[in-house]
Amino acid sequence: MRHSLNRRSLFAACVGSALLALPAWAGSGPGQGIIGTAHDFTKPGTAGYYAGSSAGKASICVFCHIQHRFGAAGGDPTVKTRLLWNHKLSSQTFSWGDVGTTVGGTQLPPDLNATIGVSKLCLGCHDGTVSVGDLYRGTYTDVWTGSHINANGFMQSSARIGQNSGDLTGNHPVAIPFPYNNTPSTYNGITTGSGVNLTDYIGNPVNVKLFTDVGGDFVQGATAGSTGIECASCHDPHNKHTLDFHFLRDYYQESTGAPSKICLDCHNKGN
């Protein structure tokens, strides 16, 4: 595989879906919806239950989205419009450590907060610097209980990406182009590197979600020449299209012992 992180290629390909990986949750199983999962902060017994004075009263959606009267409290206006986004974004500058490009020469985004896609939204919780209850409209900060959220409402280290410093070293790259139909793409202002072996990729992946750059904005779906990948390419935070307890859209390791199926959905390494 040419299009991979220098000196971390095998690791990145095999655990590339770890950007949002969480401990197994109690309650709903894979594909059964968000209720009872690690992204449900309203119910006892889940991995991140809010146990404050408003416990059980908050909308299950409000920790990410707000359906009406979004206040002018800041944030990315494009994101607020398209996704009705309600969670505060991280103010960190995210970097990839000592790696700036893939082996194939594709540039990695110098700061995910300056990108167009959804990955920066995921890092609003998963970088460990923004409380789960720190919202643009409404705040939930009293008491939290759960295996991956501490008493102050921040993600425990096991669920953090960036580890409070913005360093994404060793994580699968996101907000970069994907060679849909085995052709180069430009996504988020980045073009597929000239050294990328396009046949090392599945031209039209089935079990992952691709995104299209439309004039500096993003939409779901693939378009030849302008397709990219985000955290949500491998993870479905709503647990509707998942086959794995880490919100993965395909198995990381099946019960039969076949490893890295989610990796092989994109990377043509099965032969």
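Reader: Leaving aside neighbours within four places in sequence, which residues is Asn181 in contact with?
Author: This is a predicted model, in which local features need pLDDT of at least 70, side-chain atom pairs count only at pLDDT 80 or more, and totals for chains, interfaces and linings use all residues. Residues are numbered from 1 along each chain as its sequence is written, and side-chain values use heavy atoms, without hydrogens and water. Asn181 sits in the loop between β3 (176-177) and β4 (186-187), where helices (H or I, at least four residues) and strands (E, at least two) are DSSP runs numbered from the N terminus. Its contacts (heavy atoms within 4.5 Å) beyond those neighbours are Gly203, Asn204 and Ala224.

Reader: How far apart in space are Asn181 and Asn204, C-alpha to C-alpha?
Author: Asn204 is one of the contacts of Asn181. In sequence the two are 23 residues apart. In space, C-alpha to C-alpha, the distance is 5.8 Å.

Reader: Is Asn181 buried, exposed or partly exposed?
Author: Relative accessible area decides this: buried is under 20%, exposed is over 50%, and partly exposed is in between (1.4 Å probe, protein chains only). The value for Asn181 is 41%, so the residue counts as partly exposed.

Reader: How many salt bridges are there?
Author: The rule asks for a side-chain nitrogen of Lys or Arg within 4 Å of a carboxyl oxygen of Asp or Glu. Side chains of opposite charge can pair when their charged atoms come close. Under the rule, the count is three.

Reader: Which residue forms a salt bridge with Lys88?
Author: The closest N and O atoms of the pair are 3.5 Å apart. Lys88 is in the loop between α2 and α3, and its partner is 46 residues away, in the loop between α3 and β2 (144-145). Lys88 is partly exposed at 25% relative accessibility, and the partner is partly exposed at 26%. That partner is Asp134.

Reader: Which parts of the chain does the pair of Lys269 and Asp200 tie together?
Author: Their side chains meet in a salt bridge at 3.7 Å, N to O. Lys269 is partly exposed at 37% relative accessibility, whereas Asp200 is buried at 11%. The two are 69 residues apart in sequence, so the pair ties together the segment after α5 (261-264) and the loop between β5 (190-191) and β6.

Reader: What is the relative accessible area of Asp250?
Author: Asp250 lies in the loop between α4 (231-234) and α5, and its salt-bridge partner Lys261 lies in helix α5, eleven residues apart in sequence. The N to O distance of this pair is 3.1 Å. Lys261 is partly exposed, at 30%. Asp250 is buried, at 1%.

Reader: How many bridges join β6 to β7?
Author: Strands pair if DSSP finds at least two bridges between them. β6 (residues 211-214) and β7 run antiparallel, and Phe211 has Gln220 in β7 as its bridge partner. The number of bridges joining β6 to β7 is four.

Reader: Which residue in the turn of the β6 and β7 hairpin has a positive phi?
Author: Two residues lie between the strands of this hairpin. The phi in question is about 60°, and the residue is Gly215.

Reader: Which residue in β8 stands opposite Thr212?
Author: β6 also pairs with strand β8 (residues 227-229), in the antiparallel sense and over two bridges. Opposite Thr212, in β8, stands Thr227.
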